[in-house]
Structure formats: structure tokens, C-alpha cells
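Thank you all for making time this morning. I would like to walk you through one structure, beginning with its strands and ending with its cysteines, so please have the picture in view while I talk.

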Amino acid sequence: MVEEPKSAADYLQATREVGFDELLGANHSDATACPLPRQADSVKTARDVTRSTLSDWGLSELSDDAALVVSELVTNAVRYALCPASQAETTPITLMLLHLSPHVLLAVADPSDEVPTPKEPDFVSENGRGLYIVETYSECWGWDHLDRGGKAVWALFSGTV
């Protein structure tokens with residue numbers, strides 16, 4: 001008997017039962033975590049890690065959308081996730097990808113407790129469209145507080161079964 005794939009809601013419930021803190025610290029074959037320094041070139045690194053991980057999982061069809069979304073999430077973390085300068089080296093941004101067929105969850109953890117706040121998109125402005133892009137290109141998105149402090153902003157994608 002073939003097991004039905006989990007729904008997006010079931011998948012998100014599983015991440016809440018386990019928790020992002022545990023997922024970020026665990027070593028799973030279907031998970032990748034990548035610490036990123038709080039600097040602009042981390043966005044390219046995050047895109048590259050996302051594309052190569054999805055390719056390794058046989059989910060290259062998600063690469064373009066996922067790379068765009070991860071660019072926005074990491075840009076927001078670099079730009080807005082403030083923490084004391086003394087903690088900048090010890091509290092990096094962390095990119096996590098988790099695969100639970102047929103879903104992929106991208107999460108970017110940062111040390112800020114500040115809630116991500118979507119803005120009304122201004123298509124003429126150079127900024128302010130990030131979370132609109134995340135919402136448009138992912139199945140759903142959200143954020144969770146981390147037990148260690150900070151938050152994880154996530155986006156869910158569905159691949160082929």
C-alpha cells in the first residue's frame with residue numbers, strides 16, 4: 001500500500017512538534033543547514049546552497065522559485081535582524097532546507113525577535129517587496145520564535161511526488 005504524502009498543514013505541524021531549534025542542530029539526511037555571516041554576499045551563498053541541495057534531492061524544478069525566495073529571506077535577515085555587535089560573530093544567520101516528500105521547507109534563522117512585517121508592495125521602489133515575493137512564489141510562509149532566541153522565517157514548497 002502506498003502511503004499518502006503529508007499535506008502542507010501536516011508538514012508544518014511536524015516542524016512545530018519537533019521545533020526549529022532541534023532541526024537546526026540535528027544532522028538529518030534530508031536536511032541541510034548552512035551558517036551564513038551577516039553580510040551581503042551571504043545571499044549568493046544561500047542561493048547556491050539551495051540550488052545544489054534541491055538538485056541533490058532531485059527537485060531541480062523548485063530551484064528558481066526557491067532561490068528567489070531564499071534571496072529575499074536572507075536579504076531581510078542581513079538587513080533587518082539586529083543584534084549587539086559583540087554577538088554578530090556568535091549568532092550567524094542560518095539557512096536550513098528540510099525535505100519531507102513531497103515538500104521542501106526553507107527556513108532562515110536570525111538572532112532578532114522582531115516579527116517580519118509585510119508591507120504593501122510598491123513596484124516602483126527598490127525595496128519593500130520581499131515578503132510579497134516570498135508569499136507569491138511559495139505555497140505558504142510564516143515565522144516561529146526559537147527557544148534560543150531569535151526567529152526562523154520559513155517558506156514551504158511542494159515538489160513532484
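**From the hairpin outwards**

Let me start in the middle of the chain, where β2 and β3 form a hairpin with two residues between them. Please keep in mind that what we are looking at is a predicted model. Strand β2 covers residues 93–100 and β3 covers 103–110, and the two run antiparallel, joined by seven bridges. In the loop between them sits P102, and the peptide bond leading into this proline from S101 is cis, with an omega near 5 degrees.

On its other side, β2 is joined to β1 by six bridges, and this pair is antiparallel too. One residue lets us follow the pairing across three strands: T94 in β2 stands opposite P35, while its bridge partner in β3 is A109. As for how covered β2 is, seven of its eight residues are buried.

Now we can widen the view to the sheet, which is open and consists of five strands in the order β1-β2-β3-β5-β4, with antiparallel pairing. Why do β1 and β4 each have one side without a neighbour in the sheet? These two strands, residues 31–36 and 140–145, stand at the edges and have a single partner strand each, so one side of each is left unpaired within the sheet. Between neighbouring strands the turn is 15 degrees on average, if direction is ignored.

At the β4 edge, the partner is β5, residues 151–158, and six bridges join this antiparallel pair. Within it, C140 stands opposite L156 of β5.

Let me step back to the chain for a moment, since the order in the sequence is worth having beside the order in the sheet. The chain holds five helices and five strands, and reading along the sequence gives the pattern α-α-β-α-α-β-β-α-β-β. Of its 161 residues, 45% count as buried. Among contacts with a separation of 6 or more, 69% are between residues 24 or more positions apart.

Turning to the helices, α4, which takes in residues 63–80, lies across β1, β2, β3 and β5, and runs at about 15 degrees to β3. This helix also packs with α5, residues 130–137, at an angle of about 150 degrees and with the axes 9 Å apart. That angle makes the two helices roughly antiparallel, and the crossing in which α4 passes α5 is left-handed. Which residues of α4 and α5 meet? From α4 they are D65, L68, V69, E72, L73 and N76, and from α5 they are G130, L131, I133, V134 and Y137.

I will finish with the cysteines. A disulfide is a covalent bond between the sulfur atoms of two cysteines. How many disulfides does the structure hold? The number is zero. Are C34 and C140 buried or partly exposed? C34 has a relative accessibility of 13%, and because the cut-off for buried is under 20%, C34 counts as buried. C140, whose relative accessible area is 22%, is partly exposed, and this is the residue that we met earlier opposite L156 in β5.

Note on methods
Residues are numbered from 1 along each chain as its sequence is written. This is a predicted model: local features need pLDDT of at least 70, side-chain atom pairs count only at pLDDT 80 or more; totals for chains, interfaces and linings use all residues. Side-chain values use heavy atoms; hydrogens and water are left out. Two strands pair if DSSP finds at least two bridges between them. Helices (H or I, at least four residues) and strands (E, at least two) are DSSP runs, numbered from the N terminus. Axes are lines fitted to C-alpha atoms, for helices over the stretch in contact, and angles run from 0 to 180 degrees between N-to-C directions. Contact means heavy atoms within 4.5 Å. A disulfide is a pair of cysteine sulfur atoms within 2.5 Å. Buried means under 20% relative accessible area, exposed over 50%, partly exposed in between (1.4 Å probe, protein chains only). Angles under 35 degrees count as roughly parallel, over 145 as roughly antiparallel, 65 to 115 as roughly perpendicular and the rest as oblique. A crossing is left-handed if the near helix is turned anticlockwise from the far one by less than a right angle, and right-handed if clockwise.
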